[in-house]
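Here is a short note to read alongside the structure, written for someone new to looking at binding sites. Please keep the view open while working through the points.

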Amino acid sequence: MTGVPALVAHGIEAGYEPGLPIVKGASVTVGRGEIVVLLGPNGAGKSTLMKAIAGLVPIARGTVTLAGAEITQTAAHRMVRLGLAFVPQTENVFTTMSVEENLVLAGHVAPASVRAARLAAMLELFPDLARQRGLAAGRLSGGQRQMLAVARALMIEPHVLMLDEPSAGLSPKLVRDVFAKLVEIRASGVTILMVEQNARAALAIADRAYILADGRNRHEGSAAALAADPDIAEHYLGLGGADASVVGRSAP
Amino acid sequence: MIDLLGYGAFFLVNALIFGVLCLGLNVQWGQTGLFNVGVAGFAAIGAYVSAILTTPDAADRIGGFGWPILAGWLAAMLVAGAAAALVGLATLRLRADYLAMTTFGIAVTIQVIALNATALTGGPFGIAFIPRPFSSLAETPIAFNAANLALTGFVVLGLFLILETLTRSPWGRVLRAIREDEAAAASLGKNVNFHRLQAFALGGAIMGLAGAMQAHFIGFIAPDNYLSILTFQVWAMLIVGGSGNNRGALIGAVIVWALWSLSSLAVGTFVAPAFQARAAALQIVAIGVALAAILLVRPRGLVGERATVSRDVEALAGESTSPHEPVRD
Amino acid sequence: MSLQFLADGLFAGALIGLGAVGLTLTYSILRFSNFTHGDFISWGAYLALGTVGALTGWIGPAARFMPFSFGWPLIVGGLLAMALTGLLALLLDAALFKPLRRTGHGIVMVIASFGASLALRAMLEFLFTSEPAYFSRAIQIAIPVGLGIRVTPDQAAMMGLALVVVIAMHLLLTRTHIGRSMRAVSENPALARVVGIDVAAVIRATWLIGGALACVSGIMLGLTVQIRPQMGFDLLLPLFAAAILGGIGSVWGAIIGGLIVGVAEAGAVQLIGSEYRSAVAFVLLIAMLLVRPRGLFGVREG
Ligand SMILES: Nc1ncnc2c1ncn2[C@@H]1O[C@H](COP(=O)(O)OP(=O)(O)OP(=O)(O)O)[C@@H](O)[C@H]1O
Ligand SMILES: [Mg+2]
């Protein structure tokens, strides 16, 4: 990690009702070009932290900086223009709109001259979507919907892409596909912060990882180190020792 | 002085009858979170049912059964409650807005029926000679008004005590639980829609009673008494008093009715006849603006309400449980 | 039996449908049934009356477009009035609904709109009294168009206008960014923000469009019947019925719902007389809620 990190969330305290913080002082740093994964038990506050960074949940304390510029209280719809894209965990496509409309709507923040090219690029990156471009997004399969959500986020050519459980509900084959796409996307220069329950696959492609519990940082380190730690594997990753070593070997 | 006392009693009877309407709306909205913009319709049902049953035989009209007043009141409650149950049956399982539209629709429809079913309702001229309680005292207005005040006060007190008991009963707790967290109440095995239906019907019956009481106190009814302004007044009273609170409902009724009567009096006294219609319109603008202002500044009412209630209201409007989350900008 | 009622019903229905388009839009994006929509219609008519009066006062009387009852002042004045009615809706939102949205009491907005509706209507009564007013007192000759049906030129023009407006709305919602944004906010406001949509701007656009459409139906109503402070409020129940019938959020649904309500009302007048006309919309509303609450073309329940 060199230079100014792409995204820093420092000491974030956030929640849905005043005085009832769900995230209680969590910090995450994502270096330029990294893939960082956020792990933790259900209800740990991972999604809430992501939503707080994206401007959907009010931040009571702490700061968020994007490439060195503070964006803590920036409205969600402005973050997009600053190059921060977010794929929420649920309801992440407009079901009543067609695949193409979903993409066009998101691409509107780009200059008019490049919109058509981006749409074409997305349809090339996700051939499944190209075949279904006229279909209402509500009629896509779960995996296709997830692809659409990712494609939609990429329409803005983000510097930082935040994904909340992109592999949720996907078959093992699709999980591999999605993660392979993420590696491809990172290779094109995009920084990625993602939440995952699919810890093994996520750590395999990640550079570093954070473990969040009860709204606070519990552990952090390189993906390989965390995966190799049998204690962590047992408590947070649901991985046996053997699995952990497999992940440890395969991590970059 | 005597005159003033007599007027005071007359005013209070009217105010307390509005109080009964408010108590009915409070069962629906305050306790259960059910929306009703057809208060005038349910009051009209009660008024017409009781009037038709209790008036003496009339040549030009069906009805005129000469029943005792009390029987008329009971029938009024029954029919208005049944009408509310029917509306509830159609809409309570849907989102709150549909209940608002439907109750609005029923008020319009009742108005149309009152206006046009001349054989039953007397049409635009309404029904006169409705028997008034203590009519033997009508010669001395003060005694008449005082006796009616006693009767109305007795009914209001009885109703108040019943409703307070109900509020604290297990049934009342279920209602509040439903209002606070519908999903949680349902998961505890409570039949949410049936409880709502009961509350909506009970509220409708109480409004019917109020309509009947008013008809018998004034002795004359006409369709014009049941325009949407009546609904609006009752809402203003409940909101001023603080919804969810029976005592607040009654206090709100007296306060708003006093302001309304005073401003009407002022319009009648100080405004030249040619401009009275315009001044009355301005009076309505003022109360409309005042209601909106209260909703903005003190959404829990001027009189205030108990802490539990405000917590319920928050739960009702809470982000995760409410089907009615507004868009944020 | 003459088929005239069908023509009358379709005309009334087009007018109801236009009003319902605005209602269904504001409902699906702002998520509450706005009782002031009927009063926007009345205000639209009076504002048009005012702008037309000002224009003819300023430039002098203008010739009518024969065979219609109106000339260019109504067209220019109407466009002005549409903007003004949109502005009125915007003002009301800023003063009342926006702060209520912030405190988060969703259903409270309905009762607030009920109060605002009464105030808006009473304001018109204060300004113009309840005496009816007219755009023009010219008598229109109804022209026979076959099957025993007669239509006045104004009615024909209004039907054409309604069609143009609906097609324009359809194109707006499907082909323009602001239209797609409106659909996005109506489906999922949080996701709309995530894709970069300024929800506050969408809400402003919605009020402007809703108000302008209400003004168009007010002008249509004023041209063919008369202008009264109550006129829009009396139309509210048919508007709700049309919006529910068509399915909340659906523009074509609102128009078709409006036509159904209009024809049903006209048919009922034919069969049982005009007295119970206003109950027809209620019956349709209840029937639809019982059978298919999401409406004919609705995608979801409210
Ligand atoms: N919209 C909301 N309103 C109120 N509370 C919420 C909301 N969303 C989540 N919460 C609460 O916040 C806490 C953390 O939820 P969050 O979604 O952040 O967890 P998570 O770590 O993403 O869990 P999961 O792995 O199951 O997705 C939970 O206790 C949940 O009840
Ligand atoms: Mg989550």
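**Notes on the two ligand sites**

1. In this predicted model, the shell of residues around ligand 1 is made up of seven polar, four nonpolar and two charged residues. There are 13 residues around the ligand, and those that come nearest are A:N42, A:K46, A:S47, A:T48 and A:Q197.

2. The backbone also takes part in the contacts with ligand 1, and three residues are worth finding in turn. A polar backbone atom of A:G43 lies 2.9 Å from an oxygen atom of ligand 1, and a polar backbone atom of A:G45 is likewise 2.9 Å from an oxygen atom of the ligand, while for A:A44 the distance from a backbone N or O atom to a ligand oxygen is 3.1 Å. Of the 630 Å² that ligand 1 exposes when taken alone, the protein buries 65%.

3. Which residues coordinate the magnesium ion, ligand 2? The ion is held by OG of A:S47 and OE1 of A:Q89, at 1.9 to 2.1 Å. Because A:S47 belongs to helix α1 (residues 46-53) of chain A, whereas A:Q89 sits in the loop between β6 (84-87) and α3 (99-107) of the chain, the pair ties together parts that are 42 residues apart in sequence.

4. Are these two residues buried or exposed? A:S47 has a relative accessibility of 17% and therefore counts as buried, since the cut-off for buried is under 20%. A:Q89, with a relative accessible area of 33%, is partly exposed.

Terms used:
Residues are numbered from 1 along each chain as its sequence is written. Chains are lettered from A and ligands numbered from 1 in the order in which they are written. This is a predicted model: local features need pLDDT of at least 70, side-chain atom pairs count only at pLDDT 80 or more; totals for chains, interfaces and linings use all residues. Side-chain values use heavy atoms; hydrogens and water are left out. Donors are N, O and S atoms within 2.8 Å of the metal (3.2 Å for Na, K and Ca); water is not among the atoms, so sites may look incomplete. Helices (H or I, at least four residues) and strands (E, at least two) are DSSP runs, numbered from the N terminus. Buried means under 20% relative accessible area, exposed over 50%, partly exposed in between (1.4 Å probe, protein chains only). A residue is near a molecule or strand if one of its heavy atoms lies within 4 Å of it. A polar contact is a pair of N or O atoms within 3.5 Å; within protein, one must be able to donate a hydrogen and the other to accept it, and residues adjacent in sequence count only if both atoms are side-chain atoms. Accessible areas come from the Shrake-Rupley method with a 1.4 Å probe; for residues, only the protein chains shown count as cover. Ala, Val, Leu, Ile, Met, Phe, Trp, Tyr, Cys and Pro count as nonpolar, Asp, Glu, Lys and Arg as charged, and the others, Gly among them, as polar.
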